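Q: Please take a close look at one part of this model: a single residue, its contacts and the helix around it. Then place that part in the wider fold.

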Amino acid sequence: MLDEVIEFYSFLDLNFELTAFLSVLTVILIIFSLAFFAHFVTKNYIVKYLRHTILSKEKYIPQAFKKYKPFEKWRI
């Protein structure tokens, strides 16, 4: 992946060190943005849906277990 990014920046006619630095910075930004997006989707959609599904179905968690509020500690 890094080679493709270096090729992309080669059209700027910069020296190799600066091109390599920009390439590594771009790859790091892509990785962090994908990690943030995955965290956002997991936290705001998947966990809320699972929490709602588990707490609304009596077959998953009995009423006696619900009184301890296991999902209330981890407020989202």
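A: T19 touches I6, Y9, S10 and L14, leaving aside residues up to four places away in sequence. T19 itself sits in helix α2. Is T19 buried or exposed? T19 is buried, because its relative accessible area is 4%, and the cut-off for buried is under 20%. One more distance helps to place this residue. The C-alpha atoms of T19 and F8 are 9.2 Å apart, with their positions 11 residues apart along the chain.

This is a predicted model, and confidence should be checked before reading on. The mean pLDDT of the protein is 77. A value of 70 or more is reached by 71% of the residues. Among the elements, α2 has the highest mean pLDDT, at 86. Helix α3, residues 63–66, has the lowest, at 66. Where pLDDT is low, the predicted coordinates should not be read in detail.

Next, the helix that holds T19. Helix α2 spans residues 16–56. The place of L25 is also in helix α2. L25 counts as partly exposed, because its relative accessibility is 37%; the partly exposed class lies between 20% and 50%. L25 belongs to a nonpolar patch on the surface. The other members are F8, F11, L12, L14, L18, F21 and L29. Together, the patch residues have about 780 Å² of accessible area. Which element gives the most to this patch? Helix α2 does, with 4 residues. Two names link back to the start. L14 is in the patch, and L14 is also among the residues that T19 touches. F8 is in the patch too, and F8 is the partner of T19 in the 9.2 Å C-alpha separation.

Helix α1 deserves a look as well. Helix α1 covers residues 2–9, and D3 is found there. D3 is exposed, because its relative accessible area is 58% and the exposed class starts over 50%. D3 and V24 are 21 residues apart in sequence. Their C-alpha atoms are 9.9 Å apart in space.

Now the aromatic rings. The structure holds 1 aromatic pair. F40 and Y45 form this pair, and its geometry is edge-to-face. The ring centres are 6.3 Å apart, with 80 degrees between the planes. That angle counts as edge-to-face because the cut-off is over 60 degrees. F40 is partly exposed, with a relative accessible area of 36%. Y45 is exposed, at 53%.

Finally, the whole chain. The secondary structure comes to 3 helices and 0 strands. Along the sequence, the pattern reads α-α-α. The protein has 76 residues, and buried residues make up 12% of them. T19 is buried. The protein exposes about 6700 Å². Carbon and sulfur atoms supply 69% of that area. Among contacts with a separation of 6 or more, 19% join residues 24 or more positions apart.

Conventions
Residues numbered from 1 in each chain as written. Predicted model: local features only at pLDDT ≥ 70, side-chain atom pairs only at ≥ 80, totals over all residues. Heavy atoms only, no water. Patch = residues over 30% accessible without salt bridge, like charges linked within 9 Å, V, L, I, M, F, W, Y side chains within 5 Å. Areas by Shrake-Rupley, 256 points an atom, 1.4 Å probe, with all protein chains shown as cover. Salt bridge = Lys/Arg side-chain N within 4 Å of Asp/Glu carboxyl O. Helix = DSSP H or I, 4+ residues; strand = E, 2+ residues; numbered from the N terminus. Buried < 20%, exposed > 50% of the residue type's maximum accessible area, 1.4 Å probe, protein only. Phe/Tyr/Trp six-rings, centres within 6.5 Å; stacked < 30°, edge-to-face > 60°. pLDDT = per-residue confidence, 0-100. Contact = heavy atoms within 4.5 Å.
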